[in-house]
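User: I would like a close look at a single part of this model, worked through slowly and then set in its surroundings.

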Amino acid sequence: MASDHSPALNPDLIDTGTPPIPEAQGWARAYDGAAGPLIDLSQAVPGSPPPDALLEKLAAAAADPAATRYGPITGDQALREAYAAEIGRIYGGSFGPGEVAITSGCNQAYVMTMMALARAGDNVLLPTPWYFNHEMTLTMLGVEARPLPCDPAAGFVPDVATAEALIDARTRAIVLVTPNNPTGAVYPPETIAAFAALCARRGIWLVLDETYRDFLPAGIDSPHEVFAAKDWRDSVIGLYSFSKAYAVPGWRLGAITAGEPVLAQIGKVIDCVQISPVRAGQAAVAWAIDAIRPWREENRAAINQRAELFRQAMTPLSGWRVLSAGAYFAYVAHPFADVPAAEVAQALARQRGVLALPGPYFGPGQENHLRIAIANVGADRIGLLGERLSGFAI
Ligand SMILES: Cc1ncc(COP(=O)(O)O)c(C=O)c1O
């Protein structure tokens, strides 16, 4: 037991929630396999590995002694150039390699960006349901994660006027995740533009986490025009993850897009937390941006198809409502009005071998909901969901 003289830990860290995914994975271990193989729809992980050619590139890059040395703080020039060209293609406009920093994943990009924008006592608006690591990061920094509730009837797209009413003198940023985790909602370009205008007008930052940008529905090739505006560098920061689109979450690679003065400040954080991003993966991904484009497009089409299959599988079930289904995720209302969502998710895992995450992991007011990561499993398993859920009771 700690003595009265034990040194204290940071109370803001103690107030931060425990990582939720391991808890849910524990529920799946209680499943006896009776209904068939586990259908794991919990963590947002790519269901299949990347192309062999990408793995070979990594192996070759890792064997190069150059990759054993520290690299530039904001990432290797080859990847920054390739990524700058890629976002130029996606958003229009032109980006210099100095406007890109490579990070060890998008979560790290977010933590470092928040350290650059806010300090203890400030607040940042997060639409709810939120991505739990976004809230956790702010809480541990002593920054208030201020909920911006999204209406299911509006497809969980946040409302600009509601956001504006929540801004006060200590608000530093609004964070939008689009396509969204956990709902799968794809925010319309006009909404994103309206948030950019609001942030510019109120002198706060718009941070766009576009981890799922590569999974936009067919026909949408440009998510928004915010980065095509001449003055975006004054109030917009973009975050990205290579984990999902390249199926390499274990390589830990992400990116920040920001004006050079902002990146000069964020560079101080990068220098302290990682000195330079891991180099072998950077070399492989710099090659992959163009080289595996056809594979990425096929993957996108397959994952989009799963949203439709998911809706079809759920249609015959009474009581379950699909509130939203889009890029990578679906968000559903479960039929057990008085039962906490965690109990529903736990029973679903134990009895039926279907692992989904309970809504309260994603913020206040989510007790009736479950998040389903539809991209994790193949179409065959999505098709089994109707059967697995049918007759399920607590
Ligand atoms: C919205 C969002 N941002 C960031 C991440 C983390 O990405 P990375 O693996 O690049 O850290 C995730 C992963 O689930 C996510 O859903």
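In β10, which residue is the bridge partner of A325?

Analyst: The bridge partner of A325 in β10 is A330. Before going further, please keep in mind that this is a predicted model, in which local features need pLDDT of at least 70 and side-chain atom pairs count only at pLDDT 80 or more, while totals for chains, interfaces and linings use all residues. Residues are numbered from 1 along each chain as its sequence is written.

The names used here come from DSSP runs, numbered from the N terminus, with helices being H or I runs of at least four residues and strands being E runs of at least two. Two strands are said to pair if DSSP finds at least two bridges between them. In the case you ask about, β9 is joined to β10 (residues 329–333) by 4 bridges, and the two strands run antiparallel. Together β9 and β10 make a hairpin with 3 residues between them, and Y328, in the turn, has a positive phi of about 80°.

This hairpin belongs to an open sheet of 4 strands, whose order is β9-β10-β13-β12 and whose pairing is antiparallel. The strands β9 (321–325) and β12 (357–358) stand at the edges with a single partner strand each, so one side of each has no neighbour in the sheet. At the β12 edge, 2 bridges connect β12 with β13 (residues 369–373), again in an antiparallel run, and P358 has L370 of β13 as its bridge partner.

A second sheet is also open, with 7 strands in the order β2-β8-β7-β6-β5-β3-β4 and mixed pairing. Its edge strands are β2 (100–103) and β4 (144–149), each of which pairs on one side only. Neighbouring strands of this sheet are turned against each other by 25° on average, direction ignored; angles here run from 0 to 180 degrees between N-to-C directions, and axes are lines fitted to C-alpha atoms, for helices over the stretch in contact. Within the sheet, β5 (residues 171–177) and β6 (residues 205–209) run parallel and are joined by 5 bridges, with I174 standing opposite L206 in β6.

Helix α9 lies across β2, β7 (236–241) and β8 (254–257), and runs at about 20° to β2. The same helix, α9 (residues 260–273), packs against α5 (residues 106–117) at an angle of about 120°, with the axes 9 Å apart. The two helices are therefore oblique to each other, given that angles under 35 degrees count as roughly parallel, over 145 as roughly antiparallel, 65 to 115 as roughly perpendicular and the rest as oblique. α5 passes α9 in a right-handed crossing, a term used when the near helix is turned clockwise from the far one by less than a right angle, with anticlockwise being left-handed. M112, T113, M115 and A116 of α5 make the contact with V262, Q265, I266, V269, I270 and V273 of α9, where contact means that C-beta atoms, placed from the backbone, lie within 7 Å. By class, this contact of α5 with α9 has 8 nonpolar, 2 polar and no charged residues; Ala, Val, Leu, Ile, Met, Phe, Trp, Tyr, Cys and Pro count as nonpolar, Asp, Glu, Lys and Arg as charged, and the others, Gly among them, as polar.

α5 also packs with α6 (residues 132–140), at an angle of about 35° and with the axes 10 Å apart, and this crossing is right-handed as well. Here N107, Y110, V111 and M114 in α5 meet N133, H134, T137 and L138 in α6, and the contact divides into 4 nonpolar, 4 polar and no charged residues.

The ligand has 13 residues around it, of which G105, C106, N181, S241 and S243 come nearest; a residue is counted as near if its C-beta atom, placed from the backbone, lies within 6 Å. The shell divides into 5 nonpolar, 7 polar and 1 charged residues. N181 is joined to P182 by a cis peptide bond with omega near 20°, and P182 sits in the loop between β5 and α8 (189–202). Another cis peptide bond, with omega of about 0°, links T128 and P129, the latter lying in the loop between β3 (123–128) and α6.

Notes:
Two residues are in contact if their C-beta atoms, placed from the backbone, lie within 7 Å.
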